[in-house]
Amino acid sequence: MDPVLNYIDGEFVAAQSGETLDTINPATGEVITTLPRSRSEDVGTATSAAMKAAPAWSATPISERIRWLHRLADALMEEHETIAHLESMDTGKPISLARRVDASRSVANFRFYAEFGEQHSDPTFSDHGAVNHVHRSPIGCVGLITPWNLPLYLLTWKVAPALLMGNTIVAKPSELTPLTAHHLAGIMQRIGFPNGVFNLVHGLGPEVGQAIVEHPKIRAISFTGGTATGKIVAATAAPMFKKISLELGGKNATVVLDDAPLEKIMDDVVRASFTNSGQVCLCGSRILVHSSIYEPFKQQFIKAVEGIVVGDPSNESTTMGSVISKDHQQKVESYIRLGREEGGKVLSGGTASDSPVDGVHPNGAFLRPTVFEGLSHTSRTACEEIFGPVVTLHPFDDDDEAVTMANATEYGLAGSIWTGDAQRGHAFGQRLDTGIVWVNTWLNRDLRTPFGGVKQSGVGREGGAWSLNFFSELTNICVLEP
Ligand code: NAD
């Protein structure tokens, strides 16, 4: 495959230093291609291009920007299968998942913001004889930094509203998964998207990401990634009074109440636990189950988990591929060992040597879905983000105890509640310290809704009008007739 390059001012270019990094297929350990190891000078060039393009793009009528978003959605739809293939190869996720989630949602992000923009209007308020008009202006050049678990899905989730609101962009995808961002840049070049409006700089977080956050001309940073990195981003951006949106880690509870219809919910609870090998910030990795149904839940859950087909991501029947890298596999395995040291019992799965996956490449980063019981809900295994295919089961005796257990982590991104009584689930959901709660469903996303976390899971909300507000400056113009 051709090398991945930076995309600056409509041209594909190497890092100024000429240095490169490898991107690796985690299911085989093989190098796919190289990407630029860019540094602050490349961020500087990209930012200059974005600043140069900003006046014309911000002056482009919103109807025209909406047309561009539709054209990008159309072009991505035409490349749906290629994108799924690239994403599966770069991340190790099953091709079926990459099609259904990554490729489809990337199209949907552009389409959604195009249609949302068509319908959006800002309010006016009349009082004391004056009319207050809410006026929106672009921020200018914005920095977008994204992780490896849903590469194009999360990048386009930021690109679409940023473009809609008239901003120009310097974006940095994860160094582990650069392929689909590069492909998007190729699509932009092919369809004649204006040069300099979207710029892509590849490389390492502390080098390229940090340079984006530090650059004085980049006035807003939308960051999705880990909590530890989010702290660095916040500390760097705060003294410069940049706007920041931080979408960070999670350790989400799945709460199964005593009236939950187990057979009906089991597939969804398993999906919430192990989609993308548990590498979705919204996955429920702490499963709290009412003690009266704990044993039947456990039996049915383990049976369903053992039905997950772990294997080669390119195989259509695979339902769980590799994790993102050998390093990450080792991190997840260290948590499996920690879980045992903390007194947990492995009911299914384990480290790769405990429970090897047959028929996969020997250098692939494969793990089986792992289920623990017997751990305290305050143990490190049950409270720290593992971001892999590991869940812990915990019985509880009443709703108050379940709320206490669900809220007992530093994180507060999402949670799901499973019950035969939707009203009870709704009321329970209001007691969780999280930004998102699902009742009897999971990853059911209406893109108009606010998305984001509380506590160490982030600052701010994305989605619908919340993204439009983040990616624009609002001025109130109060007009009194003379
Ligand atoms: P990460 O924090 O290691 O990296 C995220 C991005 O930040 C990458 O592009 C990385 O290169 C860059 N980066 C690293 N150091 C940087 C620095 N000093 N300055 C600026 N940028 C820097 O996260 P990851 O391992 O790629 O992704 C996994 C994490 O992302 C998990 O914690 C997961 O929960 C979180 N996540 C959150 C959401 C959400 O919406 N809340 C969605 C997906 C993933």
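**Exercises on a two-domain predicted model**

Between domain 1 and domain 2 of this predicted model, 9 residue pairs, both members at pLDDT 80 or more, are in polar contact.

**Exercise 1.** Work out which helices supply at least two residues each to the side of domain 1 that touches domain 2, and how the residues of that side divide by character.

*Solution.* Begin with the helices: helix 3 (80–91) and helix 4 (95–119) each supply at least two residues of the side of domain 1 that touches domain 2. Of these contributions, the one from helix 4 is the most that this side receives, with 5 residues. Then sort the residues of that side by character, which gives 9 nonpolar, 10 polar and 6 charged.

**Exercise 2.** Describe the extent of the interface between domain 1 and domain 2, starting from the domain bounds and ending with the buried area.

*Solution.* Domain 1 takes in 6–248 + 457–480, whereas domain 2 covers 252–446, and their C-alpha centres lie 30 Å apart. Next, count the residues that touch: 25 residues of domain 1 are in contact with 29 residues of domain 2. Finally, the two domains bury about 2000 Å² between them, and carbon and sulfur atoms give 55% of that area. On the domain 1 side, Pro26, Trp148 and Ser457 together supply 25% of the area buried against domain 2, which is more than any other three residues.

**Exercise 3.** Find the salt bridges in which arginine 99 takes part with glutamate 316 and with glutamate 81, and say what the second of these pairs ties together.

*Solution.* Across the interface of domain 1 and domain 2 there is 1 salt bridge. Glutamate 316 pairs with arginine 99, and their closest N and O atoms are 2.9 Å apart. Arginine 99 also forms a salt bridge with glutamate 81, where the closest N and O atoms are again 2.9 Å apart. Because arginine 99 lies in helix 4 and glutamate 81 in helix 3, this pair ties together parts that are 18 residues apart in sequence. As for exposure, arginine 99 has 22% relative accessibility and counts as partly exposed, and glutamate 81, at 41%, also counts as partly exposed.

**Exercise 4.** Decide whether arginine 136 is buried or exposed, and do likewise for its salt-bridge partner, aspartate 122.

*Solution.* The side chains of arginine 136 and aspartate 122 meet in a salt bridge at 2.7 Å, N to O. Arginine 136 has a relative accessible area of 18%, and since buried means under 20%, this residue is buried. Aspartate 122, with a relative accessible area of 27%, is partly exposed.

Notes: Residues numbered from 1 in each chain as written. Predicted model: local features only at pLDDT ≥ 70, side-chain atom pairs only at ≥ 80, totals over all residues. Heavy atoms only, no water. Domains from an automatic or database assignment. Contact = heavy atoms within 4.5 Å. Buried area = accessible area lost by both parts, 1.4 Å probe. Salt bridge = Lys/Arg side-chain N within 4 Å of Asp/Glu carboxyl O. Polar contact = N/O pair within 3.5 Å; in protein donor to acceptor, adjacent residues only side chain to side chain. Helix = DSSP H or I, 4+ residues; strand = E, 2+ residues; numbered from the N terminus. Nonpolar A, V, L, I, M, F, W, Y, C, P; charged D, E, K, R; others polar. Buried < 20%, exposed > 50% of the residue type's maximum accessible area, 1.4 Å probe, protein only.
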